[in-house]
Amino acid sequence: MSDSIKVIVEKCIGCGLCVKVCPFSAITITNKKAIIDLTKCNLCGACKDACKFQAIAIFKPQMAKKDFSSYKDVWVFVESERGKISGVSFELLGKARELAADLHSKVVAVFLGKDIKAKAQTLISKGADKVILVDKPELENFISENYANVISHLIKKYKPEIFLAGATTAGRSLVSRIAVTIYTGLTADCTGLHIDKEKRLLVQTRPAFGGNIMAQIISPNYRPQMSTVRHKVMQEASEDTKRKGEIIEEIIEGSFIDGRVKFIEFIQEEISKVNLSDADIIVSGGRGIADSKNFKLIEELAQTLGGAVGASRATVDSGWISYSHQVGQTGRTVAPKIYIACGISGQIQHLVGMQSSKIIVAINKDPDAPIFKVANYGIVGDLFTVIPLLIKKFKETKK
Amino acid sequence: MKIIVCIKQVPDTTEVRINPETNTLVREGVASIINPFDMYAIEEAVQLKEKFGAETIVITMGPPQADSALREALSMGIDQAILLSDRAFAGSDTWATSYVLSRAIEKIGNFDLVICGKQASDGDTAQVGPGIATHINLPQATYVRKVDNVDLEKKVIRLERLLEEGYEIIEVSMPLLMTVVKEINTPRLPSLRGKMRARSQAITTWTHKDLDLKEESLGLKGSPTQVVKIFTPPPREKGMILEGEPEAVVDKLVGELKKHLI
């Protein structure tokens, strides 16, 4: 195999611009020439773009141009949790409308489940032009194997140009199976999607390294172009109950049902009345709350604001609160409208899980705590004084 | 039982800093570690081995340096390690990565369980686990927080999966692939004996020639997705530190937040 990236020695002047932009520290300058460490290089092309002397060449495999003219429409996977359509699906319909407008194509909602026909109109009211419906008792519970089999079949039949799903536990478990089955490109956890109209391509933007870098990804030679999209990033379209659309019911064979996975039961977590990834407001407690019983205070503030309770790793590891509340690298990644960090110092592992929140409020005794670097509003003070006051004031303003 | 654990070596995020001048990642001197979620996968394999008796094998795809990640897994009690390393694998996206791993797993053969971490801390995709399962046509259980029961006679495993609003219990027939979350266990520290053994143990390396692979499905060529641009996100707006008497400060904050709540 020929090497896929090369420094053209005659052109390289050893200026070091490429060294600075390389996100993988794969380039060094030796004897005034750039040298690329191929074991570190990810072939992302940042160096090639930065080089003012066209001294770096990347040999991307040339593919014969495929004809994709039969692929059309933007599909949205409709996710439901125990009979209720998830918010992320409506957000995706909103985004799909924008993409479909740029492509002059239609928005199609793919809706699987049991006894779901009555809900199809909601999807049309919220932006779908068509709903492909598969109503079957075996599809009542989300089992990724069954859903992937059915949807892969539908994709082969209808050939969508783009396929979107929420970057939820269900979405992420499902879509990778479909992408492998179809052999197409999938980009996880996108925070931005737009159409390159000239090339008729979906440009997908996603964070990597816990949001420290952003990558733009395309899938030019494969269809559909598949993405999972973060919750709370896209805007729901406004509801129009007069909107008209087509509902197509698909009958599928029993052979699509994989007998190897059996759903037994679902157990709702008592304290997580508000789902972390669904919440507009999250109030999180860290080591600074000093004791498990003080989570009551965090809960009370969260409740007052109609938000969810988050936690730092330290509090979870101390057994003060269950793991499902942990925000950060080894917990959940969240991006609410408002994130209130109480007694959290702001280690990088915590920051990567919440730094995409729109507004960050930090309450901490230590003025040098790193959390203040990402906070829009910081209060240096004792949380046991500040939080009760906050609860009081918010309750007053509600009245 | 035969258990295969898939791991990835990643840069240690705790050491990743942003150069304030260039606004890029500083990765010089950043240590490589086993992806934090993969530590739980390794530990779960070792615990299952202790409970039911099992042969455990760890595999990783990466550059020759990934050898150190494999040795760490061995030191925790995994029996054997295989490194999948080849220039032809470079530039693989999640499709091509799961393809190579799946072929290696099939070559090992005769397994009952494949365990992966729920996602890697550098890419955060959570796609490779389900991708491997699909390439081999295995049933999968993602986000596993607990193994309730392993019935070796009926070849069925009962698991708890952590979801957004609670957890679900499922039964999956073996062989299967599962991805695990932190809640499942506490990874052990390697014992001195484990470390000694890991240092001297031979590690098998497989290149694309050792595996039944289609060349057009490898590396950049086999990857449907292409990275076209990498950039650092704009830094967050400079924040406001509210100072003064607690009452006044809280008033101010409530006033500011109300603007964002509408």
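At what angle do the axes of helix H3 (residues 94–108) of chain B and H4(B) cross? The answer is roughly 55°, and the two axes come within 8 Å. Axes here are lines fitted to C-alpha atoms, for helices over the stretch in contact, and angles run from 0 to 180 degrees between N-to-C directions. Helices (H or I, at least four residues) and strands (E, at least two) are DSSP runs, numbered from the N terminus. That crossing angle makes H3(B) oblique to H4(B); angles under 35 degrees count as roughly parallel, over 145 as roughly antiparallel, 65 to 115 as roughly perpendicular and the rest as oblique.

A quick word on what you're looking at: this is a predicted model, where local features need pLDDT of at least 70 and side-chain atom pairs count only at pLDDT 80 or more, while totals for chains, interfaces and linings use all residues. Residues are numbered from 1 along each chain as its sequence is written, and chains are lettered from A and ligands numbered from 1 in the order in which they are written.

Back to that helix pair. H3(B) passes H4(B) in a right-handed crossing; a crossing is left-handed if the near helix is turned anticlockwise from the far one by less than a right angle, and right-handed if clockwise. Residues that make the contact include B:Trp95, B:Tyr99 and B:Ile105 of H3(B), along with B:Gly131, B:Ile132 and B:His135 of H4(B). By contact we mean that the C-beta atoms of two residues, placed from the backbone, lie within 7 Å. Sorted by class, this contact has seven nonpolar, six polar and one charged residues. The classes go like this: Ala, Val, Leu, Ile, Met, Phe, Trp, Tyr, Cys and Pro count as nonpolar, Asp, Glu, Lys and Arg as charged, and the others, Gly among them, as polar.

H4(B) also takes us over to chain A. Helix H6 (residues 169–182) of chain A packs with helix H4 (residues 128–136) of chain B at an angle of about 45°, their axes 8 Å apart. H6(A) and H4(B) are therefore oblique to each other, and H6(A) passes H4(B) in a right-handed crossing. Among the residues in this contact are A:Ser173, A:Arg177 and A:Val180 of H6(A), facing B:Pro130, B:Gly131 and B:His135 of H4(B). The class split is two nonpolar, six polar and one charged residues.

Now zoom out to the whole interface. In total, 79 residues of chain B are in contact with 90 residues of chain A. The largest share of chain B's side, 11 residues, comes from helix H7 (residues 246–261) of chain B. That side divides into 36 nonpolar, 24 polar and 19 charged residues.

The two chains even share a sheet. Six strands form an open sheet with parallel pairing, in the order E19(A)-E18(A)-E20(A)-E21(A)-E22(A)-E15(B). Two strands pair if DSSP finds at least two bridges between them. Strand E19 (308–311) of chain A and E15 of chain B stand at the edges, each with a single partner strand, so one side of each has no neighbour in the sheet. The twist averages 20° from one strand to the next. At the seam, strand E22 (residues 377–380) of chain A and strand E15 (residues 240–242) of chain B pair in the parallel sense over three bridges. There A:Tyr377 has B:Met240 as its bridge partner, and A:Gly378 stands opposite B:Ile241. H7(B) lies across E20, strand E21 (359–364) and E22 of chain A together with E15 of chain B, running at about 160° to E22(A).

Chain A has another open sheet, this one of seven strands with parallel pairing, in the order E11-E15-E10-E5-E8-E9-E16. Strand E11 (186–190) and strand E16 (246–249) of chain A are at the edges with a single partner strand each, so one side of each is left without a neighbour in the sheet. Inside it, six bridges join strand E8 (residues 107–113) to strand E9 (residues 130–135) of chain A, and A:Phe111 has A:Leu133 as its bridge partner. Helix H5 (residues 144–158) of chain A lies across E8, E9 and strand E10 (162–166), running at about 145° to E8(A).

Finally, some backbone oddities. Most residues other than glycine have a negative phi, and most peptide bonds are trans. A:Asp189, in strand E11 of chain A, has a positive phi of about 60° although it is not a glycine. A cis peptide bond joins A:Arg223 and A:Pro224, with omega about -5°, and the bond from B:Met174 to B:Pro175 is cis too, with omega near 0°.
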